[in-house]
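Subject: Structure handover: cavities and helix packing

Hello,

Here is the structure for you to look over. My notes on its cavities and on two helix pairs follow below.

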Amino acid sequence: MPAAAADVDLPDSLIELADRYGVATGYTDWTGRPVTVAPTTLVAVLDALGVPAGTEEDRAAAIAAHDRAHWARPLPPVIVGRNRVATPFWVHVTHGDPARLWLRLEDGSVRTGVRQLENNRAPFDLDGRLVGEASFELPADLPIGYHRLYLQIGSSDVSTTVIVSPSSLETPRLGPGRAWGLATQLYSVRSRNSWGVGDLTDLTDLAVWSAARHGAGFVLVNPLHAAAPAAPMEPSPYLPTSRRFVNPMYLRVAAVPEFAFVRHRGRIRKVQAAVQMRADRCEQIDRDRAWKAKRDALASIYQVERSAGREIAYQAFLEKEGRSLDDFATWCALAERHGNDWHQWPEALRHPRSEEVAAFVEQHPSAVDFHRWLQWLVDDQLRAAQSGAVQAGMELGIMGDLAVGVDPDGADAWALQDVLALGVTAGAPPDEFNQLGQDWSQPPWRPDQLAETAYEPFRALVAAILRHAGGVRIDHIIGLFRLWWIPEGVLPTEGTYVRYDHEAMIGIVALEAQRAGAVVVGEDLGTVEPWVRHYLSDRGLFGTSILWFELDRDGAGGPLPAERWRENCLSAVTTHDLPPTRGYLAGEHVRLRDELGLLTRPADEELAGDRAQQRAWMSELRRVGLLDGDDAGEDTDMDAVVLALHRYLGRTPSRLLALSLADAVGEVRTQNQPGTTDEYPNWRVPLGDPDGHQILLESVFTDPRAAALCEAMRAAVKPPV
């Protein structure tokens, strides 16, 4: 059973303790059924938060400790507000003592005049000292940014971080208009000059082509997060070793300036040709072979002396990235010697601040610096990709993708282990399309530790992904509100939700995006409470609409008419967790899930429901005049249907429209089947034509099908005057 029956009573102390730490004791599942979470789940999740809760005595002690910790703190760990809105906060001082407060803003200026509010809360007895609580209010005219609030206690000061975010994110690059863009999995998009895997020069060329030839405003690319440097390389871009840094697999070797000065360049080009020839013959992306060859070439380039100007630029990059880059590079160097799972390393190396790790860095400076250098190169080529996209006419340029979490054995889990929850993994409860739930095997953020660090790790992550981008898609954005935690050793159905301070998380995203001039798209599919979508829209963030999921739930359950779709939204026909549209129309998603045992009802029933849904969509396309009557029968022209579905997006008010590159070239195979790992070659399918033959980027540029769909998208967002 996924959880306790709805009528099972939980101990009051367990309910109170769970509530204090944001752990849900009950929820409503995707069918509308109320569910009470099993006590064993609650105890395990609280334990992952460092809170013993197994017995009544444990819970009483934990509640008392929570009270004491709150009253012992003079100021909140962080204060989060919005510009143009006054922000209340509390202060704890010895009862009767004055509370003198002042602000140092991010620009170094000082502000006073914090207004006090009425607070009649009784003082708390903290070991014989009465502690009183006073309430104050930050002024509404504070600028956005990261500031510092100081409280004078006697002759000394204590302080806390103040985060002021925009009340609503402004999107000047997009303006009041609409834009369309290609959505693609970069690793699958090979060209004649890449190394068996699509790279950042391929991304630049794709952006320039789609902008210059077809008026595209952005390219949405899969997460480019870093993977482990040693084989086997994790194929899923949504299970990276680090979200803070980028996978150097995407580097174009010949675009590194020092490549021109490498001896034996001809030998490197021969290796590249051999990798490409093998990729031509393989049915799957071979990351390990591609990276081994590319890494050897990059190691040769690393030996070339940099020019004086390049050296200055490199040192400036190192200074800016600081300890985060040092930790990442150190983990990579250690992983190349001890393997990709830091839990299996010698115990003395399992924490980044250990003396043994420091000794390793001192003894292997070049091995560590090599991985710092790779990140500098990636940063440079990402900057070039964004610059090329914008110069070609894109309003936004590159739109990055932020994964939900990281590999539990990887670099971020090692470097950030003090702010991640151990003993649990993040996932998703059952929903209509994943009826067994999902376990993503990723350690979630600890909300309490994020607050203790003033969200610094999260702030750095968001700033990094927006550094050379005009937008970001946040996968499973509901995870910034609440996230499904699954205790170790149980099924995904046996988890529960843990709440995050969404005002802080979304506020930081909006703040960093406004500074970058970028748009933010939240993937808000699946089980999402309606108020969340309203909240995101109010904060200036875009949602996501996938055509197959847009149903009229207030009516007969058929297609939601185009005019009723959301405006602040990125809309597309399909997503990477479904087959491309040609495959979806052929029922590939049902066939594959049945073959893999992922259905919870007979395949015939699932297929019948799917066909009924498709018939409803064909009727809708005919109703609005996008499909002729003859195009809905047994001899349907698949290209005509795919084109009509994408033209339908243009009938919606959605301000961002996306065309999958797989749809553009007629691909049938899905990139990912949720709920599987090696049962299906997830994230390893090279871009192909309708017959499954690989297609290179150069061929995309001359493909009539791709041109027709791109022009339909251009017309959808920029109709002729």
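A cavity here is a set of points, on a 1 Å grid over the protein atoms alone, where a 1.4 Å probe fits but cannot get out; lining residues have an atom within 4 Å of a point. Grid points are joined across faces, edges and corners, and a volume is the space filled by probe spheres set on the points.

The model is predicted: local features need pLDDT of at least 70, side-chain atom pairs count only at pLDDT 80 or more, and totals for chains, interfaces and linings use all residues. Residues are numbered from 1 along each chain as its sequence is written, and side-chain values use heavy atoms, with hydrogens and water left out.

**Cavities**

There are five cavities of 30 Å³ or more. The largest has a volume of about 330 Å³. Its lining takes in 22 residues, with Leu-224, Val-246, Leu-382, Ala-464 and Ile-465 closest to the centre. Two or more lining residues come from each of strand E15 (242-246), helix H7 (308-338), helix H9 (365-391), strand E16 (397-402) and helix H12 (456-465). Helices (H or I, at least four residues) and strands (E, at least two) are DSSP runs, numbered from the N terminus. The lining of the largest cavity has eleven nonpolar, five polar and six charged residues. Ala, Val, Leu, Ile, Met, Phe, Trp, Tyr, Cys and Pro count as nonpolar, Asp, Glu, Lys and Arg as charged, and the others, Gly among them, as polar.

The second largest cavity has a volume of about 100 Å³. It has 14 lining residues; Gly-196, Ala-279, Gln-284, Ile-285 and Asp-286 lie nearest its centre. Helix H5 (265-281) and helix H6 (287-302) each give two or more residues to this lining. H5 gives the most, with three. By class, the second lining has seven nonpolar, three polar and four charged residues.

**Helix pairs**

H7 and H9 also pack together: their axes come within 6 Å and cross at roughly 125 degrees. H7 is therefore oblique to H9 (angles under 35 degrees count as roughly parallel, over 145 as roughly antiparallel, 65 to 115 as roughly perpendicular, the rest as oblique). Axes are lines fitted to C-alpha atoms, for helices over the stretch in contact, and angles run from 0 to 180 degrees between N-to-C directions. Their contact (heavy atoms within 4.5 Å) has 14 nonpolar, three polar and eight charged residues.

Helix H18 (638-651) and helix H21 (704-717) pack at about 20 degrees, with axes 8 Å apart. H18 is therefore roughly parallel to H21.

Best wishes

Definitions and conventions. On a 1 Å grid over the protein atoms alone, a cavity is a set of points where a 1.4 Å probe fits but cannot get out, and a pocket is an open set with protein on both sides within 12 Å along at least five of seven lines; lining residues have an atom within 4 Å of a point.
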